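Please open the model in your viewer and keep the selection panel at hand. The tour moves from one selection to the next and says what is to be found at each stop.

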2 protein chains.
Amino acid sequence: MSDFSRLSLNTATTKKWTLQQAVDGCVRAGIPAIGPWRDRVAEAGLENAARMIRDAGLRVSSLCRGGFLTAADPEGQAAALQDNRQAVLEAVALGTSELFLVVGGLAPGEKDVLAARQRVADRLAELVPFASAHGVRLVLEPLHPMYAADRALISTLGQALDLAAPYPVEAVGVAVDTFHVWWDPELKVQIERAGREGRIASYQVCDFNLPIAADALLSRGMMGDGVIDFATITAWIRDAGFTGDIEVEIFNQEIWDADGDEVIATMKERYAELVLPHA
Amino acid sequence: MSDFSRLSLNTATTKKWTLQQAVDGCVRAGIPAIGPWRDRVAEAGLENAARMIRDAGLRVSSLCRGGFLTAADPEGQAAALQDNRQAVLEAVALGTSELFLVVGGLAPGEKDVLAARQRVADRLAELVPFASAHGVRLVLEPLHPMYAADRALISTLGQALDLAAPYPVEAVGVAVDTFHVWWDPELKVQIERAGREGRIASYQVCDFNLPIAADALLSRGMMGDGVIDFATITAWIRDAGFTGDIEVEIFNQEIWDADGDEVIATMKERYAELVLPHA
């Protein structure tokens with residue numbers, strides 16, 4: 001029997017399911033943890049979402065997601081801070097300490113990467129005290145460089161660690177998502193550094209499929225279907241001391257179109273075969 | 001009058017043109033340099049290609065391209081070396097010292113990035129003496145990480161410089177192609193390093209278009225059409241001491257479908273507006 005005690009279903013993987021359906025699917029499959037997206041939580045209602053997850057006996061491994069901190073205008077910046085504070089409160093209500101941040105890309109028409117990155121740092125500084133006061137860690141997620149312009153100007157783990165460095169490890173962490181970072185020639189040393197610095201807040205697994213999907217956001221694949229060496233990266237994460245939940249988050253039209261229970265069954269198989277032996 | 005004395009047309013930009021048409025197009029437009037692709041050279045015949053470029057009074061800024069060095073089997077490795085030696089001889093015949101290498105991705109079915117990168121280093125070591133003996137510099141081109149698995153496992157300028165480090169600067173250089181590296185948080189310091197180390201062999205400009213094209217290879221855009229800050233990157237290149245030709249290499253279906261002379265006219269306008277003032 002494989003040990004699924006660290007496996008978590010990110011609700012994006014079973015996109016067509018409501019939160020209740022995803023919770024029920026986890027329970028049926030013996031998966032002990034769930035990583036909900038905020039839109040699914042909002043549909044269910046925050047209190048109801050928290051209760052249904054708690055009643056099912058599931059852990060919440062993280063909340064996806066806050067971020068989008070790069071607005072250039074005061075109104076946009078105020079709105080982003082307000083939304084992120086709300087996300088912090090949702091994390092508290094759901095009982096997770098880990099709030100993912102996808103930091104955002106260039107403002108409309110902007111080309112100044114350095115200025116946009118500085119705004120990320122500025123907004124982070126404003127957000128940390130509120131999150132820390134509520135016991136929530138802001139989890140900086142480096143995204144694949146193909147999304148740098150429009151989703152996240154944090155593209156490498158090293159960059160995320162640099163941005164996190166001024167803050168206590170309980171306040172700001174980093175996520176390692178195999179899809180986003182597998183190509184990075186610095187990956188091993190930056191995972192070692194992240195471990196040494198106590199910053200690894202989440203490990204997410206999914207594959208990098210080729211060819212890249214026509215909608216580049218949907219190139220995430222089931223572990224084993226793409227090019228990623230899960231044995232090596234997972235061993236680096238293990239050696240860095242990470243013992244938390246391992247989330248599976250896949251954006252992929254074919255997987256979204258499939259039966260949710262079958263997706264979870266495949267996910268368990270691939271996790272047991274490719275990830276768990278090295279975790 | 002703008003100064004186009006450093007502008008070079010990479011023949012991929014006018015893909016439907018034969019080499020002769022591209023040469024004629026450069027002459028008509030007053031562009032003094034050309035960066036041919038090997039397939040266009042082969043169509044024309046090497047000696048004929050060299051003669052037509054020479055007769056037109058054009059410089060050859062570089063030859064695209066050798067590389068694809070990651071074969072895992074001895075036959076594949078021997079074939080790659082043979083092809084790259086041939087490319088060196090073609091560069092000599094064309095009168096350029098700069099041979100681009102797109103180093104290749106994972107072998108079929110392979111997932112071991114570290115082993116594949118080691119094979120790049122091994123093949124490079126075998127190729128350098130031959131290239132150097134012929135006065136040709138091997139130009140390592142970092143490609144955008146979205147092409148890491150299937151085209152080039154060199155994804156950053158820093159990684160290219162590390163790979164070049166064991167060799168004389170006349171033997172191995174690096175290319176800076178704005179499309180591939182604009183997102184890199186280390187870009188400024190690595191361009192500074194490349195200048196300090198005397199490794200910048202080529203500066204190529206084209207934009208990064210959004211959304212990413214359905215065929216991800218074709219997301220390259222005319223300068224000004226995408227997200228890239230040419231002023232900043234070009235100034236970094238200038239401050240690093242680069243005074244060579246600036247090539248425009250664009251893979252883009254819409255541009256390929258357009259009239260070649262019009263493409264070159266737009267290229268000159270955009271170069272004069274966005275690149276030249278900072279070069």
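## A walk through the sheet and its surroundings

Begin by selecting strand β6 (residues 137-140) of chain A together with β7(A), which pair in the parallel sense over 3 bridges. Please keep in mind throughout that this is a predicted model. Within this pair of strands, A:L138 stands opposite A:V172 in β7(A), and the bridge partner of A:L140 is A:V174, again in β7(A). If you now follow the chain from β6(A) towards β7(A), you pass through helix α6 (residues 157-164) of chain A, and this β-α-β crossover is right-handed.

Next, select β7 (residues 172-177) of chain A alone and display its side chains. In a regular strand the side chains alternate between the two faces of the sheet. Is β7(A) covered on one face or on both? Both faces are covered, since A:V172, A:V174 and A:V176 on one side are buried, and A:G173, A:A175 and A:D177 on the other side are buried as well. Counted over the strand, 6 of the 6 residues of β7(A) are buried.

Then add strand β8 (residues 200-205) of chain A, which runs parallel to β7(A) and is joined to that strand by 4 bridges. One place to look is A:D177, which stands opposite A:Q204 in β8(A).

Now widen the selection to the sheet of chain A, an open sheet in which 9 strands follow the order β3-β2-β1-β11-β8-β7-β6-β5-β4 with parallel pairing. At its edges stand β3 (59-60) and β4 (63-67) of chain A, each with a single partner strand, so one side of each has no neighbour in the sheet.

From the sheet, move to helix α5 (residues 113-133) of chain A. Why does the length of α5(A) agree with what is expected of a helix? At 1.5 Å a residue, its 21 residues should span 30 Å, and the end C-alpha atoms are 31 Å apart, which agrees. Centre the view on A:L127, where α5(A) bends by about 35 degrees, and note that a proline, A:P129, follows within four residues. The buried residues of α5(A) include A:V113, A:A116, A:V120, A:R123, A:L124 and A:L127. What covers the buried residues of α5(A) includes the helices α4 (74-94) and α6 and the strands β5 (98-102), β6 and β7, which belong to chain A.

Show both chains for the next stop. A rotation of 180 degrees, with 0.0 Å of shift along its axis, superposes chain A on chain B with an RMSD of 0.0 Å. That is the relation of a two-fold axis. The contact surface is shared by the two copies, in that 100% of the contact residues of chain A recur in chain B. To find the axis, select A:A214, which of the residues of chain A comes closest to it, with its C-alpha at 2.0 Å.

Finish in chain B, where an open sheet of 9 strands with parallel pairing has the order β3-β2-β1-β11-β8-β7-β6-β5-β4. Its edge strands are β3 (59-60) and β4 (63-67) of chain B, each of which pairs on one side only. Select β2 (residues 33-35) of chain B with β3(B), which pair in the parallel sense over 2 bridges, and look for B:I34, which stands opposite B:V60 in β3(B). The last selection is B:M1, in the segment before β1 (7-10) of chain B. Is B:M1 buried or exposed? B:M1 is exposed, with a relative accessible area of 100%.

Conventions: Residues numbered from 1 in each chain as written. Chains lettered and ligands numbered in written order. Predicted model: local features only at pLDDT ≥ 70, side-chain atom pairs only at ≥ 80, totals over all residues. Heavy atoms only, no water. Buried < 20%, exposed > 50% of the residue type's maximum accessible area, 1.4 Å probe, protein only. Pairing = 2+ DSSP bridges. Right-handed = clockwise from strand over helix to strand, strands pointing away. Least-squares fit on C-alpha atoms with pLDDT ≥ 70 in both. Contact = heavy atoms within 4.5 Å. Expected span 1.5 Å × (residues − 1). Bend = angle between axes of the 7 residues up to and from the residue.
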